[in-house]
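Work through the exercises below with the sequence and the model at hand. Each task is followed by a solution in steps.

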Amino acid sequence: MAHIPLRYHHWTYVWIPVAAAAMWFSTLLAMLIVWLASGRPKYVSQEGTIAYISDVGADILKPLFVTGCAITGVGFFLTLLTGRLLRHTGRLMPNMRRRERVFSILAIIGSIIGACGLLFLSIFDTKRFPRAHRVFLLVFIVGVALSAIFSIIEYRWVSKDFLDQTKLRKAYIAKAVIAIILIILAIAFGITLFKARNVGGTSLRFSLSKSSQIIVFSAVLEWVIAFGFTFYLLSFFYDLRLSKNVERGELKALAHPSRTNVVNGNGRQMTEIA
């Protein structure tokens, strides 16, 4: 990378979360458009009037769904791995303590779990493998949620170590807000999935009507959460872009207590030997 000017170095990796987000958003949008343009057909696996993403992905668009899930999952994992390497090599604010590195690694493991769940839920579609599909859906949700929680904790601790870095604090806050909203919606989605299959009552007609309403609400929630995941992926673009104009190893000295470090307003580091 020596032949690439420093101001362009960050473009060799900041495209990863953008590509993953673009692929995910494009996949969802294409599936939604096809379903709407086809006259909102009711698929074999569909129970309510609004199709779940999995219902659309289990039909003719399954190749697109599998491809989109695979690329998104790999991109999510590579994004977190890139962030870890940039901190390790001193191009992003370093982890000052072992606990931060541990949570960073746990976040990466969570992304692997989430990526595997996403891929397998698309392969084991809801029409042919309903039980396996739900298991992998749960794996995806739990993996991404854990990854988000671990990332937020790591970012929180790093931002506390560098209180003068407003950009780092903004990144942490934005990521936390998006993640918390998505996790709350995911919990609501899980509750509606459970409720839709456990609606009881004295009137069968009432039960079916109530169940249908819950299913519709659940399907809407799934689409909202899925599109919202795009913004979580894009939040990492801002994180990785903070390495712009930073030389390899430039910020690594900040992790050494034997040095007195001053970071100027542009995020550039000046080091004095204590």
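**Exercise 1. Describe the chain over residues 214–238.**
Solution. Over residues 214–238 the chain is 100% helix and 0% strand; helices (H or I, at least four residues) and strands (E, at least two) are DSSP runs, numbered from the N terminus. The end C-alpha atoms of this span are 37 Å apart. Next, turn to the record: the unreviewed UniProt entry annotates residues 214–238 as "transmembrane region", along with 12–37, 64–81, 102–123, 135–153 and 173–194. UniProt positions are given in the numbering used here, feature names are shortened, and annotations may be inferred rather than shown by experiment. For residues 64–81, the end C-alpha atoms lie 26 Å apart, and this span is 100% helix and 0% strand.

The model is predicted: local features need pLDDT of at least 70, side-chain atom pairs count only at pLDDT 80 or more, and totals for chains, interfaces and linings use all residues. Residues are numbered from 1 along each chain as its sequence is written, and side-chain values use heavy atoms, with hydrogens and water left out.

**Exercise 2. Compare the expected and actual span of helix α1 (residues 15–37).**
Solution. The expected span of a helix is 1.5 Å times one less than its number of residues. With 23 residues, α1 should span 33 Å. Its end C-alpha atoms are 32 Å apart, which agrees. The buried residues of α1 (under 20% relative accessible area, 1.4 Å probe, protein chains only) include W24, L28, M31 and W35.

**Exercise 3. Examine the backbone and exposure of G39 and R40.**
Solution. G39, just after α1, takes a positive phi of about 90°. R40 lies in the loop between α1 and α2 (53–57), and its phi is near 55°, a positive value in a residue other than glycine. Most residues other than glycine have a negative phi. R40 counts as exposed (over 50%) because its relative accessibility is 56%.

**Exercise 4. Place L64 and list its contacts.**
Solution. L64 is found in helix α3 (residues 62–88). At 29% relative accessibility L64 counts as partly exposed, the class between buried and exposed. Leaving aside neighbours within four places in sequence, L64 is in contact (heavy atoms within 4.5 Å) with T27, A30 and M31. L64 and S122 are 58 residues apart in sequence and 9.7 Å apart in space, C-alpha to C-alpha.

**Exercise 5. Which residues does W157 touch?**
Solution. W157 is found in helix α5 (residues 130–161). Not counting residues up to four places away in sequence, W157 touches R99, E100 and F103. W157 and E100 are 57 residues apart in sequence and 6.9 Å apart in space, C-alpha to C-alpha.
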